[in-house]
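Colleague: Hi! Could you walk me through the charged contacts in this one?

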Amino acid sequence: YNRQLPSLLVSSLSDKATEFYNSINKYDYPYDLLEEIKLPSGSGEKIEIRFKNGKNLDALYILSEGHIRCLGLSILLAKIVEDKLPIVIFDDVVNAIDDEHRRGVIETILENEHIKSKQLIITTHGEEFVKQLENQIPIKEHAEKVSRIDFLKTDEEKTIVVKLDAARNY
């Protein structure tokens with residue numbers, strides 16, 4: 001059972017992970033998009049990717065740090081969809097991901113039919129990412145769909161001020 005468990009957990013994720021990866025990376029050159037992601041089915045196996053018109057390659061060897069993060073996020077999103085989870089918590093989801101890919105992350109989580117209906121909890125220190133995310137939500141839906149909690153430093157040591165739904169002027 002233990003040896004077969006990794007295979008059972010990832011057997012149906014490859015196609016959906018590839019779809020999410022290509023969605024997040026849709027602003028890359030077309031030849032940078034993937035034909036397939038092959039997830040490991042056992043201990044010690046590698047994550048293999050195949051570019052369009054290419055051969056199978058070790059993903060961790062060939063991809064940049066930002067693309068590896070996009071790959072990890074794609075696998076996570078595929079697993080969330082597969083398990084039909086109603087809530088997703090992203091902890092600093094765009095750390096080490098560049099602006100074009102951040103845009104792809106925002107569009108994917110807000111527009112993908114499988115993800116957009118889920119409750120998202122997003123933590124980040126990236127103010128620009130929050131700005132871009134909030135600007136993608138129509139103003140008439142903002143009050144209904146968005147609750148924002150800001151944790152602000154104070155001059156006092158080990159004290160944090162919490163602001164709920166603070167107005168933003170970009």
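Modeller: Happy to; here is a short tour of the salt bridges.

Modeller: Keep in mind that this is a predicted model.

Colleague: Sure. How many salt bridges does the structure hold?

Modeller: There are 13 salt bridges in the structure. One of them pairs K26 with E107, with 2.9 Å between the closest N and O atoms. K26 sits in the loop between α2 (14-24) and β1 (34-38) while E107 belongs to helix α5 (residues 99-111), so this contact ties together parts that are 81 residues apart in sequence.

Colleague: Is E107 buried or exposed?

Modeller: E107 is buried, at a relative accessible area of 13%. K26 is partly exposed, because its relative accessibility is 35% and that class runs from 20% to 50%.

Colleague: Switching topic: what does R148 pair with?

Modeller: R148 forms a salt bridge with E134, where the closest N and O atoms are 3.0 Å apart. This pair also links distant parts of the chain, 14 residues apart: E134 is in helix α6 (residues 127-135), and R148 is in the loop between α7 (139-145) and β6 (149-153).

Colleague: And which other side chain meets R148?

Modeller: That would be D150, in a salt bridge of 3.1 Å from N to O.

Colleague: Buried or exposed, those two?

Modeller: Both R148 and D150 are buried. For R148 the relative accessible area is 8%, and E134 counts as buried too, at 12%.

Colleague: Which residues are linked in that network?

Modeller: Salt bridges connect E127, E134, R148 and D150 into a network.

Key
Residues numbered from 1 in each chain as written. Predicted model: local features only at pLDDT ≥ 70, side-chain atom pairs only at ≥ 80, totals over all residues. Heavy atoms only, no water. Salt bridge = Lys/Arg side-chain N within 4 Å of Asp/Glu carboxyl O. Helix = DSSP H or I, 4+ residues; strand = E, 2+ residues; numbered from the N terminus. Buried < 20%, exposed > 50% of the residue type's maximum accessible area, 1.4 Å probe, protein only.
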